[in-house]
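The exercises below concern a single protein chain and the open spaces in it. Work through each task with the structure in view before reading the solution that follows.

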Amino acid sequence: MDCIFCKIAKGEITSHKVYEDEDVIAFHDLDPKAPTHVLIIPKKHIESAMDIDQHNSALIGRIYEVAVKLAVQLGLDKGFRIVNNCGEDGGQTVQHIHFHLLGGRSMAWPPG
């Protein structure tokens with residue numbers, strides 16, 4: 001498998017990590033869309049939100065716990081956005097489920 005996020009999770013590709021535990025890793029996005037833009041991924045390969053099931057849904061819940069912890073740690077007390085793109089039409093460019101934690105500015109709606 002040639003998954004860039006799996007390689008980051010295994011330490012084969014370096015990243016600017018802000019969090020890591022046995023199941024989850026978070027790192028700064030290389031192309032930030034907000035002053036704070038962190039990607040949060042499970043270390044286990046799950047392709048997209050379409051692949052969430054009873055066997056891995058607790059891991060997705062854990063990602064949201066990490067997102068809240070990071071939001072506090074990164075000073076996003078005025079608010080933040082968590083984004084998950086799913087599938088080609090949803091804008092998913094890496095086929096490993098990931099969540100964008102965005103903050104540090106007011107977020108417009110709808111997003112551009």
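**Exercise 1.** Which element supplies the largest share of the lining of the second largest pocket?

Solution. The coordinates belong to a predicted model, and the pocket in question has a volume of about 210 Å³. Its lining is made up of 13 residues, with Phe 5, Ile 8, Phe 27, His 28 and Leu 30 lying nearest its centre. Two elements, helix 1 (4–9) and strand 2, each supply at least two residues of this lining, and the largest share, three residues, comes from helix 1. By residue class, the lining of the second largest pocket divides into seven nonpolar, four polar and two charged.

**Exercise 2.** Determine whether Ile 25 is buried or exposed, and describe its surroundings.

Solution. Begin with the location: Ile 25 belongs to strand 2, which spans residues 24–28. The relative accessibility of Ile 25 is 0%, and because buried means under 20%, Ile 25 counts as buried. Setting aside residues up to four places away in sequence, Ile 25 touches several others, including Ile 8, Tyr 19, Leu 39 and Ile 41. Pro 42 is 17 residues from Ile 25 in sequence, yet the C-alpha atoms of the two are 6.4 Å apart in space.

**Exercise 3.** Which residues of the lining are closest to the centre of the largest pocket?

Solution. The largest pocket has a volume of about 430 Å³. Of the 20 residues that line the largest pocket, Lys 33, His 37, Asn 85, His 100 and Leu 102 are the closest to its centre. Strand 3 (36–42), strand 4 (80–83) and strand 5 (99–103) are the elements that give two or more residues to this lining, whose residues divide into eight nonpolar, seven polar and five charged.

Definitions and conventions:
Residues are numbered from 1 along each chain as its sequence is written. This is a predicted model: local features need pLDDT of at least 70, side-chain atom pairs count only at pLDDT 80 or more; totals for chains, interfaces and linings use all residues. Side-chain values use heavy atoms; hydrogens and water are left out. Helices (H or I, at least four residues) and strands (E, at least two) are DSSP runs, numbered from the N terminus. Buried means under 20% relative accessible area, exposed over 50%, partly exposed in between (1.4 Å probe, protein chains only). Contact means heavy atoms within 4.5 Å. On a 1 Å grid over the protein atoms alone, a cavity is a set of points where a 1.4 Å probe fits but cannot get out, and a pocket is an open set with protein on both sides within 12 Å along at least five of seven lines; lining residues have an atom within 4 Å of a point. Grid points are joined across faces, edges and corners, and a volume is the space filled by probe spheres set on the points. Ala, Val, Leu, Ile, Met, Phe, Trp, Tyr, Cys and Pro count as nonpolar, Asp, Glu, Lys and Arg as charged, and the others, Gly among them, as polar.
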